[in-house]
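Colleague: Could you take me through one part of this model closely, beginning with the backbone of the loops and then following the chain to whatever adjoins them?

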Amino acid sequence: MIVIPNDKGVALNVADSGPKDGPAVVFAHALGSDLTMWDAVVDALPDRLRLIRMDMRGHGQSPCPDGPYPMGDLVGDAARALDNLGVKECVFVGLSIGGIIAQGLAAERLDLVRGMVISNTAAKIGTPWIWDARIKKVRDSGIDAVVDANIDRWFSRATKRDHPELLDDARARMRATPLQGYLGCMEAIADTDLYESTARLGLPTLAIAGTEDGSTPADMVRETAGLIPGSRFELIRGTGHMSPVEKPAEYAALLTDFLRSIGHF
């Protein structure tokens, strides 16, 4: 693990593996998770790639500054981390809030992003009243108040039945997230609508959805993909919101095929 400072005093915790001169693939995680959610996917990717995972502010081993967290600051954190790592023209892979960061970064810094994978996400997630209710619940009662509901939306019926260890890992990540980090990122999602800027994007894009995703249903992901000309949409059956955690080999295969199709390696 290494820590990448930036000029606003937020230092992102980053895992950087593979050859430093290899084509870069960058991963951004979900709300209430951390960079370890990508471990099994990274292990299944070609070893010639430079694979960079980052903990967003208020999550994992990154610092947790006082809120609010405007989405522009989360996007800026990612941009400054990549600048400090000397990364140009990466493929940026983001799930849920990480997918929103991917869209924002592509809109602002095309020198950094040559392709993106927006996974289990949308240009706008949820409605203000949904987020207001969740934010109030977490502020009043803590993250534990939403853990069970999140797990229900995040995982498929088969995973809940056959792989309780994956659910336990996700619960542990949520409960380890600092309260301010969780609230700050919830508020960032609630205030973000990227329809206009995402519709102006023209870079190669892969959108991935899960058939049992209760947070960002497949139709929502497909609609966002439809904003970007030439984008590709893929459905991973039997997965919920955490598709790369439930079926990492299938997810890695889709990602590898996309990287080859755009000439990234």
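Modeller: Helices and strands are taken here as DSSP runs, helices of at least four residues in state H or I and strands of at least two in state E, numbered from the N terminus. The model is predicted, and every value that follows should be read with that in mind.

In those terms, P68 sits in the loop between strand 4 (50–54) and helix 2, and the peptide bond that leads into P68 from G67 is cis, its omega lying near 0°. Most peptide bonds are trans, and most residues other than glycine have a negative phi. Two further loop residues depart from the second of these tendencies. S96, in the loop between strand 5 (90–95) and helix 3 (97–108), is not a glycine, yet its phi is positive, near 60°. N120, in the loop between strand 6 and helix 4 (128–141), likewise is no glycine and has a positive phi of about 50°. Since buried means under 20% relative accessible area, S96 counts as buried with its 9%, and N120 is buried too, at 0% relative accessibility.

Strand 6 (residues 113–119) leads to a partner, because it pairs with strand 7 in the parallel sense over four bridges, and V117 stands opposite L206 of strand 7. On its other pairing, strand 7 runs parallel to strand 8 (residues 232–236) over five bridges, with F233 in strand 8 as the bridge partner of A207. Between strand 7 and strand 8 the chain passes through helix 10 (residues 218–225), and this β-α-β crossover is right-handed. Six of the six residues of strand 7 (residues 205–210) are buried. In a regular strand the side chains alternate between the two faces of the sheet. For strand 7 both faces are covered, with T205, A207 and A209 buried on one side and L206, I208 and G210 buried on the other.

Returning to helix 2, which bounds the loop that holds P68, one finds it again at the structure's one cavity of 30 Å³ or more, whose volume is about 80 Å³. Helix 2 (residues 71–85) gives the largest share of the lining, three residues. The lining also includes A28, H29, M54, R57 and F92, and by class it consists of eight nonpolar, one polar and two charged residues.

The aromatic residues complete the view, for the structure holds two aromatic pairs. In one of them the ring centres of F27 and W38 are 5.0 Å apart and the planes stand at 45°, so the pair is tilted. F27 belongs to strand 3 (residues 24–28) and W38 to the loop between strand 3 and helix 1 (39–43), 11 residues apart, and both F27 and W38 are buried. W38 also pairs with Y251, again in a tilted arrangement, at 5.9 Å centre to centre and with 55° between the planes. Because Y251 lies in helix 12 (residues 248–261) while W38 lies in the loop between strand 3 and helix 1, this pair ties together parts that are 213 residues apart in sequence. Y251 is buried, as is W38, and F27, W38 and Y251 make up one aromatic cluster.

Technical notes: Residues numbered from 1 in each chain as written. Predicted model: local features only at pLDDT ≥ 70, side-chain atom pairs only at ≥ 80, totals over all residues. Heavy atoms only, no water. 1 Å grid on protein atoms, 1.4 Å probe; cavity = no way out; pocket = protein on both sides within 12 Å on 5 of 7 lines; lining within 4 Å. Points joined across faces, edges and corners; volume = space filled by probe spheres on them. Nonpolar A, V, L, I, M, F, W, Y, C, P; charged D, E, K, R; others polar. Buried < 20%, exposed > 50% of the residue type's maximum accessible area, 1.4 Å probe, protein only. Pairing = 2+ DSSP bridges. Right-handed = clockwise from strand over helix to strand, strands pointing away. Phe/Tyr/Trp six-rings, centres within 6.5 Å; stacked < 30°, edge-to-face > 60°.
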